[in-house]
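Reader: I should be grateful for a close look at one part of this model, together with its surroundings. Please explain each technical term once, with its cut-offs, where it is needed.

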Amino acid sequence: MAAPALLDYSHFTSGTKEQREKFAHALLDSFEKTGFAKLKGHAFSAQDLKELFAWGKKFFDQPLEVKNEIPNETGPRPMRGYTPWRVEEVGKLHHDEQVRTMKDSKEHFDQGPEHDTEFPNKWPNAPELSGFQPFMKAFYRRCDDVCLTLMKALEGAWGIEDGSLVARCVPSATDLRLTHYPAIPVEEMQSGSTSRIAPHTDFGPITLLFQDSTGGLEIEDRSNPIPNSFVPLPPTDTTEMIVNVGDTLTRWTNGNITGGTHQVMCPAAMKGESGLILPPRMSMAYLFKAERNVSVGPLPKFVSSTEPAKYPDITALEFQRWKNSIVYNLTKKVYPNGTDGFNRRDSVQDVMETELAMTLGGVNDFVDAGKAIQPVQPV
Ligand SMILES: O=C(O)CCC(=O)C(=O)O
Ligand SMILES: [Fe+2]
């Protein structure tokens, strides 16, 4: 298949006009063809990433009850704090029934914007983690800067007004996620019912991803006629920044760019083995999001009388609430005690009904009780 392009980010940030244009078009081309791109020449050094994963290890090495002191209250909202193993199931978003029953084998820490009062961050309290918060906040800001720069590149490639895409993403509503995949027997991963993370697309316009050297990340193989075919994206150079297209970019482009489906499975070298234990793995995903009140409906550029809008104008926050209600198995059909009036989802049928209703624009069914939203206009 066409492999994701490896592009030099510095050509856009400090190159000539020609280099900037070349970068922007190559980025768009790689997004269109593969749903992914890889970047070198960015400001994150091997040392920065070593430090990032060292902080991650310190956090996840804490006893479960300590990590649970800052619980992510799983609900139809952005994630904050710690989520234990086997709570989130991204396979639930998938159209394939077998994928929907796959269990993810991961725990994660999620961090939002620094000054978010609506969904405040939850930081670890342990004295040995006192450097975690300042490091992660600085890392977040640097990732945001890269994402806004890539939005600028897309503005150039599409020839849309300068700043128009960037404005949709300020202030940041991104979730930065550190994921730890504990050691797991290879047989369990090969059973077909367990993944490290099941095939999925991310929700925002794009995601920046750094992985450690363990391996196991796979991206969809669009050239393979067999559905759900994947190829490894090996950690040959862990300083390469992986960028993947998410659902919001698909919606903004009215379906012109398809999100890059990815999963984490057994590393290629261990496939088909038995009796082995997969080593633990860590990744950092900067799950870039549009500003909460911005529409994730198609941009004017991608809508015309012959290409009517395929997606409703719902806000980025409502879109995330809906997606999270699926991955956290929540439904709003009955809500005696559940937080925000959401309860555990009991069947795949519920998920399908939810999706259908959302596609038809039935967003008000999925908002906190009493807080129905108004459809928003495209910006
Ligand atoms: O761990 C990885 O490499 C992928 C993580 C991922 O897909 C996510 O957090 O959305
Ligand atoms: Fe992902």
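**A loop and the open sheet**

Author: Arginine 86 is found in the loop between E3 and helix H5 (97–100); helices (H or I, at least four residues) and strands (E, at least two) are DSSP runs, numbered from the N terminus. The model is a predicted one, in which local features need pLDDT of at least 70 and side-chain atom pairs count only at pLDDT 80 or more, whereas totals for chains, interfaces and linings use all residues. Residues are numbered from 1 along each chain as its sequence is written, while chains are lettered from A and ligands numbered from 1 in the order in which they are written.

Although arginine 86 is not a glycine, its phi is positive, at about 65°. Why is arginine 86 counted as exposed? Arginine 86 has 12 other C-beta atoms within 10 Å; a residue is exposed if 12 or fewer other C-beta atoms, placed from the backbone, lie within 10 Å of its own, buried if 20 or more do, and partly exposed in between.

Strand E3 belongs to an open sheet of eight strands, in the order E1-E2-E13-E10-E16-E6-E5-E3, with mixed pairing. The edges are held by E1 and strand E3 (81–83), each with a single partner strand, so one side of each is left without a neighbour in the sheet. From one strand to the next, the twist averages 25°. Strands of a sheet pair through backbone hydrogen bonds, either parallel or antiparallel. Two strands are said to pair if DSSP finds at least two bridges between them.

At the E3 edge, three bridges connect E3 with strand E5 (residues 107–111) in the antiparallel sense, and threonine 83 has histidine 108 of E5 as its bridge partner. At the other edge, strand E1 (residues 6–8) and strand E2 (residues 36–40) run parallel and are joined by three bridges; here aspartate 8 is partnered by lysine 40 in E2. E2 also pairs with strand E13 (residues 241–245), in the antiparallel sense and over four bridges, with alanine 37 opposite valine 243 in E13.

Two helices accompany this sheet. Helix H2 (residues 17–34) lies across E1, E2 and E13, and runs at about 140° to E2. Helix H6 (residues 132–158) packs on the sheet and touches E5, E6, E10, E13 and E16, its direction making about 130° with that of E10. Such contacts require C-beta atoms, placed from the backbone, within 7 Å; axes are lines fitted to C-alpha atoms, for helices over the stretch in contact, and angles run from 0 to 180 degrees between N-to-C directions. The loop between H6 and E6 holds proline 171, and the peptide bond from valine 170 to proline 171 is cis, with omega near -5°.

The sheet also bears on the ligand. Strand E6 (175–181), strand E10 (206–211), strand E14 (262–264) and strand E16 (281–287) each contribute at least two residues to the shell around ligand 1. The residues surrounding ligand 1 include Arg177, Thr179, Gln211, His262, Val264, Ser283 and Ala285; a residue is near a molecule if its C-beta atom, placed from the backbone, lies within 6 Å of it. By class, the shell has five nonpolar, four polar and two charged residues, where Ala, Val, Leu, Ile, Met, Phe, Trp, Tyr, Cys and Pro count as nonpolar, Asp, Glu, Lys and Arg as charged, and the others, Gly among them, as polar.

Strand E14 leads to another open sheet, of four strands in the order E9-E14-E11-E12, with antiparallel pairing. Asparagine 254 is found in the loop between helix H8 (247–252) and E14. The phi of asparagine 254 is near 55°, a positive value in a residue other than glycine. With 19 other C-beta atoms within 10 Å, asparagine 254 is partly exposed.

From E16, the loop towards H9 contains threonine 315, which counts as buried with 22 C-beta neighbours inside 10 Å. Eleven of the twelve residues of H9 are buried, among them Phe319, Trp322 and Ile326. After H9 comes asparagine 329, with a positive phi near 55°.

For the wider setting, the protein has ten helices and 18 strands, and 43% of its 379 residues count as buried.
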